[in-house]
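Trainee: Could you take me through one part of this structure slowly, and then show me how that part sits within the whole chain? I would like to follow each step with the model in front of me.

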Amino acid sequence: MRTYFNAVFIILTVCAASVVFADNQKETINIDGKWNITIQFIYGTDNHSVNLNQNGNLLSGTYKGGFKEGSLEGTLEENTVEFKAYLRYDTSRIIFRYKGIVKGDTMKGTVDYVPNILVKKFWTATFTAKRKN
């Protein structure tokens with residue numbers, strides 16, 4: 001009887017270790033590089049671009065909008081990407097806040113436009129980003 005319980009204990013321990021090992025082997029997504037972004041508004045589209053630098057799950061880089069360029073910072077958690085782009089406009093700062101899902105060489109999600117620090121959100125649109133080759 002004791003041998004039976006020892007065998008069951010060993011089997012359960014091996015199974016638990018396999019689950020932990022498999023969980024730690026999740027595929028790391030790399031989104032380094034240049035991406036073209038199409039923002040879809042209610043009445044039209046606009047094209048922006050980013051050059052992302054990934055260090056673990058932290059993102060940094062440059063952002064180019066229709067008329068301005070700036071910096072960006074964000075995170076990548078599993079396949080969820082979030083970043084903010086900061087653009088100078090006269091004496092204030094414009095923020096584009098992105099949140100989306102990465103699938104291969106494509107990102108899709110929403111983008112919020114924040115015209116200044118006093119306004120939480122001015123508008124929300126959807127975006128699709130494709131990695132440049």
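**A close look at strands β4 and β5**

Mentor: Let us begin with strand β4, residues 69-77, and strand β5, residues 80-89, which run antiparallel and are joined by eight bridges. Please keep in mind throughout that this is a predicted model. In general terms, the strands of a sheet pair through backbone hydrogen bonds, and they may do so in a parallel or an antiparallel way. If you follow the pairing here residue by residue, you will find Ser 71 of β4 opposite Tyr 86 in β5, and Leu 72 opposite Ala 85 in β5.

Between these two strands there is a hairpin with two residues in it, and in that hairpin Glu 78 takes a positive phi near 55 degrees. This deserves a second look, since Glu 78 has that positive phi although it is not a glycine. Glu 78 lies in the loop between β4 and β5, and because its relative accessible area is 59%, above the cut-off of 50%, it counts as exposed.

On its other side, β4 pairs with strand β3, residues 58-64, and here seven bridges join the two antiparallel strands. Lys 64 stands opposite Glu 69 in β4, and the hairpin that leads from β3 to β4 passes through four residues.

We can now step back and ask where these strands belong. They are part of a closed barrel of eight strands, which runs β1-β2-β3-β4-β5-β6-β7-β8 with antiparallel pairing. From one strand to the next, the twist averages 30 degrees. The chain as a whole has one helix and eight strands, and when its elements are read from the N terminus the order is α-β-β-β-β-β-β-β-β.

The next thing to look for is the nonpolar core, and as a general background, nonpolar side chains in soluble globular proteins tend to be buried together. The largest nonpolar core in this model has 24 residues, of which Ile 31, Ile 37, Tyr 63, Phe 96, Tyr 98 and Met 107 touch the most other members. At least two residues of this core come from each of β1 (33-41), β2 (44-55), β3, β4, β5, β6 (92-103), β7 (106-114) and β8 (123-131), so that β4 and β5, with which we began, are among the contributors. Ile 37 is a good residue to select on the screen: leaving aside its neighbours within four places in sequence, its contacts include Val 50, Tyr 63, Phe 83, Tyr 98 and Phe 127.

Several of these names return when we turn to the aromatic rings, where the count comes to eight aromatic pairs. In one of them, the rings of Phe 96 and Tyr 113 have centres 5.5 Å apart and planes at 45 degrees, and the pair is therefore called tilted. This pair links distant parts of the chain, for Phe 96 is in strand β6 and Tyr 113 is in strand β7, 17 residues apart. Phe 96 counts as buried because its relative accessibility is 8%, and Tyr 113, with a relative accessible area of 17%, is also buried because the cut-off is 20%.

Another pair is made by Tyr 98 and Phe 127, whose rings are 4.9 Å apart from centre to centre with 80 degrees between the planes, an edge-to-face arrangement. This pair too links distant parts of the chain, with Tyr 98 in strand β6 and Phe 127 in strand β8, 29 residues apart. Tyr 98 is buried, with a relative accessible area of 2%, and Phe 127 is buried with a relative accessible area of 2%. One aromatic cluster is formed by Phe 41, Tyr 63, Phe 83, Phe 96, Tyr 98, Tyr 113, Trp 123 and Phe 127.

Strand β6 also holds Arg 93, which counts as partly exposed because its relative accessibility is 39%. Arg 93 and Pro 115 are 22 residues apart in sequence, and their C-alpha atoms are 7.0 Å apart in space.

Finally, some figures describe the whole chain. Of its 133 residues, 29% count as buried, and the chain exposes about 9400 Å², with carbon and sulfur atoms supplying 56% of that area. Among the contacts between residues at least 6 apart in sequence, 28% join residues at least 24 apart.

Conventions. Residues numbered from 1 in each chain as written. Predicted model: local features only at pLDDT ≥ 70, side-chain atom pairs only at ≥ 80, totals over all residues. Heavy atoms only, no water. Pairing = 2+ DSSP bridges. Axes fitted to C-alpha atoms, helices over the stretch in contact; angles between N-to-C directions. Core = buried A, V, L, I, M, F, W, Y, C linked by side-chain atoms within 4.5 Å. Buried < 20%, exposed > 50% of the residue type's maximum accessible area, 1.4 Å probe, protein only. Contact = heavy atoms within 4.5 Å. Areas by Shrake-Rupley, 256 points an atom, 1.4 Å probe, with all protein chains shown as cover. Phe/Tyr/Trp six-rings, centres within 6.5 Å; stacked < 30°, edge-to-face > 60°.
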